[in-house]
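Reader: I should be grateful for a close account of a single part of this model. Please define each term as it is introduced.

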Amino acid sequence: MQNGDLIIGFLPIVRTTFDVELAAQMTAQVRGQLEQNDFVLVGPQNLITSLEDVQAALPLLAAQSLDLLVLLQASFADSTMVLEITGVLDAPILLWALPEAREGSRLRLNSLCGINLAAHALKRAGRKYHYLYAEPYRLEAIEKVEALARAGRVSRMLQGTRIGRIGEHPVGFDTCRVNEVALKERFGVEVIQMGLEPVFAAMQAADSTAVSAIHERIHARVAGLDELDQHALNGTLSTYLTLRELVMREDLKGLAVRCWPEFFTEAGCAACGALSMLSDEMTPCSCEVDVNGTITQLILQWLSSGPAFLTDLVSVDEEANGLVLWHCGLAPLSMADPAGQPEGSIHSNRRLPLLMQFALKPGVVTVARLSEATGEFRLVVGRANMLQMPMSFTGTSGVLRFDRPAAAVLDTILTEGLEHHFSLTYGDHFEALILVAEMLDLPVLRL
């Protein structure tokens, strides 16, 4: 997601007994900064000075799916217009007040007092809001607008999202249980249940020319493909084509797939490589039918505009003060350390391809999990650095160093009885993730 995808309702509020000319100048500066940072602004060009102006502006704003509503207090005004606007528009609210010079003369804007009145009115009305008290050119102001708009878009996009659930989670993997009713009621996420048999049948009928084209496409990115069992390799590539077509046909945003044992015992291949390619193309996929894991990947993907990866915690590197993350081989190829080349490999236990094998690239990552360990939803969040390390195990692996000691993070995970899958994406999206939790009314557990 780029800023150009973020839609912001923008309403500058003014009382005409204050310095309207200065208010207009400040409004133009704020508008210019937002447009310069590629936000899409929706709203009238004129200043809002009365309830009549509000009524004239509301239809335009109500017709849009707003990620954020910026109410710029360009001068003092009472809370009447703010309550009228927020009573109609359902979007995250940002009250923005402008500092003014203290020159011993007239109080020309009195903007801060205006958002004080607005904040009180919104609090009494039970509406959530955020605020800014900053000049238009402040970097932290633009960063806050961006974080709020991204979080607002995530909470909005979850409404109506369809996740494909293929098969049932393995016995003993209670971490992958799904509560379809609660997901629909709380977040508007719809789980589409499907069986494995139609997928296997479609794989068998996959176009051999299309399979060859996929083989050729990934050959330059993945070493060692020619050394693998070609029949099994083509099975994984057929899986990719089948699942990709399923996603398009059913309008799915992500998949949770029962990857074992049936893909090995009945289809004769590994699903891992197919899930890796789909995740790399921004259709996040989880193994072991982990629907909540896929939803977490979607949230992270929407925040970062990059792929997300679902992984296990498997070890502690005491020397590096890090936690070792691993999975068989379904990480997106774009997450590979550029110091090496991804390899096509076989499953360590089932001995069939295709798995993507590489060490994860170094960099800042954001870690999350939509968790139901307590029986209620909450969001587990963390910020860490992926260290540049050689592969810890065959498959895909990396070593994460959190802000806290590794032993303390591990203690939180095990004491809280968290799920064994975590999702991560590259970049620092921690603050935006906290805002997402707030907008979705999710308690937060910090790693």
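Author: The account below concerns one sheet and the helices that pack against its strands. The model is predicted, with local features requiring pLDDT of at least 70 and side-chain atom pairs pLDDT 80 or more, while totals for chains, interfaces and linings use all residues. Residues are numbered from 1 along each chain as its sequence is written, and side-chain values use heavy atoms, leaving out hydrogens and water.

Helices (H or I, at least four residues) and strands (E, at least two) are DSSP runs, numbered from the N terminus. Five strands form an open sheet in the order β2-β1-β3-β4-β5, paired in parallel; two strands pair if DSSP finds at least two bridges between them. Because β2 (40-42) and β5 are at the edges with a single partner strand each, one side of each lacks a neighbour in the sheet. On average, neighbouring strands are turned by 25° against each other, direction ignored; axes are lines fitted to C-alpha atoms, for helices over the stretch in contact, and angles run from 0 to 180 degrees between N-to-C directions.

At the β5 edge, 4 bridges connect this strand with β4 (residues 93-97), and tryptophan 96 is opposite leucine 132 in β5. Helix α1 (residues 20-36) lies across β1 (7-13), β2, β3 (68-73) and β4, at about 175° to β1.

Strand β5 (130-133) is also among the elements against which the buried residues of α14 pack, contact meaning heavy atoms within 4.5 Å. In α14 (residues 430-439), 7 of the 10 residues are buried, that is, under 20% relative accessible area (1.4 Å probe, protein chains only). Among them are Phe430, Leu433 and Val436. Just after α14, aspartate 441 adopts a positive phi of about 55°.

Definitions and conventions
Buried < 20%, exposed > 50% of the residue type's maximum accessible area, 1.4 Å probe, protein only.
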